[in-house]
Amino acid sequence: MTGYGRAEYSFAGHKTVLEIRSLNSKQLDLTLKISPFFRTKEQEIRAVLVPVLQRGKVDVTLSTMPVANSSSTDTACPVNVSQQSFSSINQEAFCYYYNQLRDLQVRLKAPDEPLFATILRLPDVMQAAAEESVSNDEWEILQQTVGQAIDAFNDFRKQEGEALRVMFAEKLDGIECLLGQVEPLEKERIDKIKQRLVSQLAELGEQTKRQIDQNRLEAELIYYLEKLDITEEKVRLRNHIRYFRETMEGTAIDGVGKKLGFVAQEMGREINTLGSKANHSEMQIIVVKMKDLLEQIKEQVLNVL
């Protein structure tokens, strides 16, 4: 869900810029920072954005700034700009704070630090812009600009999604390759367990051996070896990998990220079971590598819608 989109327009002496930034998140966390000039349109803008954004920690900034009139020779002071659109400085409050702070600097012999940035953050220095309705003509342009920013935002997300698809495919290939390395070790592991059990039985005295019910012993051995069998786990893990690929390559748009997250959780359960049944040092190492690859998938699945 990482994304970025930007669009802008100029109208009636001011320039308006709309930026959309998002990071991954399980739910939609939308923060709108809107110029006071467009405050009356906030709900309408939000209604357009929410269905498109779907998930993610999203910051939307809609700012406006004056631009110079091309016919004016003084480019430092733009003309024909509606002052109601922008916040202004309360000069009386600013001068009051400035004099007070300068007196304190002299009295306390404090370092001569710049005061402007500090004063501008003090109460009542900045006066909020007066409410002004957006004209119908500008509202139409703004709607088009929102659409352009959304298109740029979605294009960015598609590029990120393609990169994630390639990454997921590589990690799944790695898990399948490691799963293939488990199979040669499986027979070796069972043979070693059988040899250990036989050698331990051989150490028993003859009288103890005669007291052992051979049929019961064989049944117990079969039960023990079946508990260590990992055939079902391997089959289920391969099925989960296949379903992950099918979901990733499918045509569905909504809810894919959550579905991939659920499949990844199921893959984790099978890998954990493989580790608990391994009883073999090399198999344990392989399981750890599989867990590492799966963890990388889980981290990035949060970035899928």
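The following questions and answers work through a predicted model of one protein chain, from its overall make-up to individual side chains.

Student: How many helices and strands are there in the protein chain?
Tutor: The chain has 305 residues, of which 33% count as buried. Its accessible surface comes to about 18700 Å², and 52% of that belongs to carbon and sulfur atoms. As for secondary structure, the count for the protein chain is nine helices and six strands.

Student: Of the contacts with a separation of 6 or more, what percentage is accounted for by residues 24 or more positions apart?
Tutor: Contact here rests on heavy atoms within 4.5 Å. Taking the contacts in the protein chain with a separation of 6 or more, the share that falls to residues 24 or more positions apart is 77%.

Student: Which residues touch the most other members of the largest nonpolar core, and which helix supplies the largest share of it?
Tutor: This core holds 31 residues, and those that touch the most other members are Phe168, Ile175, Leu237, Phe244, Met267 and Met290. Helix H4 (136-202), helix H7 (231-249), helix H8 (256-278) and helix H9 (281-301) each supply at least two residues of the core. The largest share, nine residues, comes from H4.

Student: Which residues does Phe244 touch, leaving aside those up to four places away in sequence?
Tutor: Phe244 is among the core residues that touch the most other members. In general, nonpolar side chains in soluble globular proteins tend to be buried together. With residues up to four places away in sequence not counted, the residues that Phe244 touches are Phe168, Leu172, Leu260, Val263, Met267, Ile297 and Val301.

Student: How many residues are in the second, separate core?
Tutor: Ile34, Val60, Ala149 and Phe153 are included in this second core, which is separate from the one just described. Its number of residues is 22.

Student: How many bridges join strand E1 to strand E2?
Tutor: Strand E1 covers residues 3-11 and strand E2 covers residues 14-23, and the two run antiparallel. They form a hairpin with two residues between them, and Ala12 in the turn has a positive phi of about 50°. Within the pairing, Tyr4 stands opposite Arg21 in E2. The number of bridges that join the two strands is nine.

Student: Which residue forms a salt bridge with Glu19, and which network includes this pair?
Tutor: Glu19 lies in strand E2 and its partner, Arg6, in strand E1, 13 residues apart, with the closest N and O atoms 3.4 Å from each other. Glu19 is buried because its relative accessible area is 17%, whereas Arg6 counts as partly exposed at 39% relative accessibility. The pair belongs to a network of salt bridges that links Arg6, Glu8, Lys15, Glu19 and Arg21.

Student: How many salt bridges does a search of the whole structure find, and what is the N to O distance between Glu44 and Lys41?
Tutor: The search of the whole structure finds 18 salt bridges. In the case of Glu44 and Lys41, Glu44 is partly exposed with a relative accessible area of 37%, while Lys41 counts as buried at 15% relative accessibility. The side chains of these two residues meet in a salt bridge with an N to O distance of 3.6 Å.

Student: By about how much of the helix are Glu232 and Arg236 separated?
Tutor: The side chains of Glu232 and Arg236 meet in a salt bridge at 3.4 Å, N to O. Glu232 counts as exposed at 53% relative accessibility, and Arg236 counts as partly exposed at 33%. Because they are four residues apart in helix H7, their separation is about one helical turn.

Student: Is Glu233 buried or exposed, and which side chain does it join in a polar contact?
Tutor: Glu233 has its place in helix H7 and is buried, since its relative accessible area is 5%. Not counting residues up to four places away in sequence, Glu233 touches Glu270, Thr273, Leu274 and Lys277. The polar contact, of 3.1 Å, joins the side chain of Glu233 to that of Lys277.

Student: Which residues does Thr247 touch, not counting those up to four places away in sequence?
Tutor: Thr247 lies in helix H7 and counts as buried, because its relative accessibility is 11%. With residues up to four places away not counted, Thr247 touches Val256, Lys259 and Leu260.

Technical notes: Residues numbered from 1 in each chain as written. Predicted model: local features only at pLDDT ≥ 70, side-chain atom pairs only at ≥ 80, totals over all residues. Heavy atoms only, no water. Core = buried A, V, L, I, M, F, W, Y, C linked by side-chain atoms within 4.5 Å. Buried < 20%, exposed > 50% of the residue type's maximum accessible area, 1.4 Å probe, protein only. Pairing = 2+ DSSP bridges. Polar contact = N/O pair within 3.5 Å; in protein donor to acceptor, adjacent residues only side chain to side chain. Areas by Shrake-Rupley, 256 points an atom, 1.4 Å probe, with all protein chains shown as cover. Salt bridge = Lys/Arg side-chain N within 4 Å of Asp/Glu carboxyl O.
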